[in-house]
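Trainee: Could we take a close look at one part of this structure, the surroundings of the ligands? I would like to see how that part sits in the chain as a whole.

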Amino acid sequence: MRRSRKDAPTYHDIPAGKYDAEFLLGEYKRLLLARSGDALVREAAASGGVITEVLCAGLARGEFDAVLSVGFAGDDPVTPCYLVSRTPEELRARSGSVYSYVSPTQLKEAVAGLGGRRLAVVCQPCLVPLVRRWQERGEHDVRAVVSFFCGYNMTHEATHYLLGKAGVRPEDVAWIRYRHGDYPGGFAVKPRNGEPVGFGKESYELVNLQFVRRGCSHCSLYMGEDADLSCGDAWIQEHPNLTAVLARTEAGLSLLEASQERLEFYALKERDLLAMHLHNLVYKKYGNSWFLRLLTVVFRDLLPKPLAPFRLLSALSRHRRSRKIGVSVPDLKPVEKLRG
Ligand SMILES: Cc1cc2nc3c(=O)[nH]c(=O)nc-3n(C[C@H](O)[C@H](O)[C@H](O)COP(=O)(O)OP(=O)(O)OC[C@H]3O[C@@H](n4cnc5c(N)ncnc54)[C@H](O)[C@@H]3O)c2cc1C
Ligand code: SF4
């Protein structure tokens, strides 16, 4: 449930402790920064490769038999879907974020053939309640629910729009990545007969405005509120490729503990997490400003898509990102013990 925008905390309120942490962040047992110790895993991942590492460790230990997460099937490199990974190798090949809305029906269909399997599920915050219902009713044996911060999500039309901007036809696509290249990465598409082409992450800000799903515009979920583990980007100016992690349950904490050999952990103050995500938290928990609402109506509903000045707005967004988003944490403090 959203609160009135006039009650939203500002950047000045955070250091003074004037905010409702439970309302903004939800309950959690441990808050950390983390990243994979393996540079190749980090390179392929959206941020620090934490989701990939914890679930690979769970598969390797035999804690679950399969992981359900979103990626691209071998015969369709353009349309994302839920895939079943049974080995760490399969899961590593699917690391990285897919910025395209996935419906509850797609998740239900994916789980249907997996009766009797012990599962871990990665899903959007809005799908976590569905997975919790399966657990409560004993419909599927889900051992871990991992979610991510979800500021916006887009219809799949957005991917086709970006393919058009990159000049690649869907039938010519070899692969698509939404977080390709140096952190934070950006949209990239590799044509079958050519080099990858793409745009920085800032281009999503415009694309979000144009293709935000109507249900997503009204959604107040942000940090995977009811998952075992919730992960997002750690916008720290001095240190790229870190994941902000909230272990919300005992199961989530155990997943992290069991991955300690593969992950590096660092301290994260609640106020730093709030400051780096305040732009999205305010929008999610208190609603958009009138200006952003107006922009969404103009770009999504009124202006024909081909007329949107893609490169100009991407440049403005890059400028805004460099000025407004990110906190300074010069020295990372390693964390050895996850409990106590
Ligand atoms: C639609 C979407 C919106 C996001 N919005 C924000 C945001 O506003 N702010 C922010 O800080 N972070 C956001 N994130 C989270 C961020 O992009 C990373 O997922 C997070 O930082 C974890 O990174 P990682 O390197 O630990 O994950 P990785 O190690 O890269 O693992 C990612 C895992 O998630 C799975 N996956 C990818 N996309 C999906 C999907 N759509 N549904 C289900 N499983 C998926 C992959 O198969 C893989 O197993 C968003 C992610 C998505 C998918
Ligand atoms: S914004 Fe909300 S409704 Fe949309 S995918 Fe994310 S959690 Fe689901």
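Mentor: Happy to; we start with the ligand surroundings and then move to the core.

This is a predicted model, in which local features need pLDDT of at least 70 and side-chain atom pairs count only at pLDDT 80 or more, while totals for chains, interfaces and linings use all residues. Residues are numbered from 1 along each chain as its sequence is written, and chains are lettered from A and ligands numbered from 1 in the order in which they are written.

Around ligand 1 there are 31 residues (C-beta atom, placed from the backbone, within 6 Å of the ligand). Ala45, Thr52, Ser69, Gly151 and Gly232 come nearest. Helix H3 (50–61) and strands S2 (66–72), S4 (118–123) and S9 (229–233) each give two or more residues to this shell; helices (H or I, at least four residues) and strands (E, at least two) are DSSP runs, numbered from the N terminus.

Ligand 2 has its own neighbours, including Tyr101, Arg213 and the cysteines Cys126, Cys150, Cys216 and Cys219.

Helix H3 also matters for the next part: it gives the most to the largest nonpolar core, with 7 residues. That core has 60 residues, and Leu55, Val121, Val146 and Val245 touch the most other members. A nonpolar core is a set of buried Ala, Val, Leu, Ile, Met, Phe, Trp, Tyr and Cys residues joined through C-beta atoms within 7 Å, and buried means 20 or more other C-beta atoms within 10 Å of a residue's own, with C-beta atoms placed from the backbone. Another core, of 22 residues, lies apart from it, with Tyr99 and Phe187 among its members.

In the whole chain of 340 residues, 39% count as buried.

Note on methods
A residue is buried if 20 or more other C-beta atoms lie within 10 Å of its own, exposed if 12 or fewer, and partly exposed in between; C-beta atoms are placed from the backbone.
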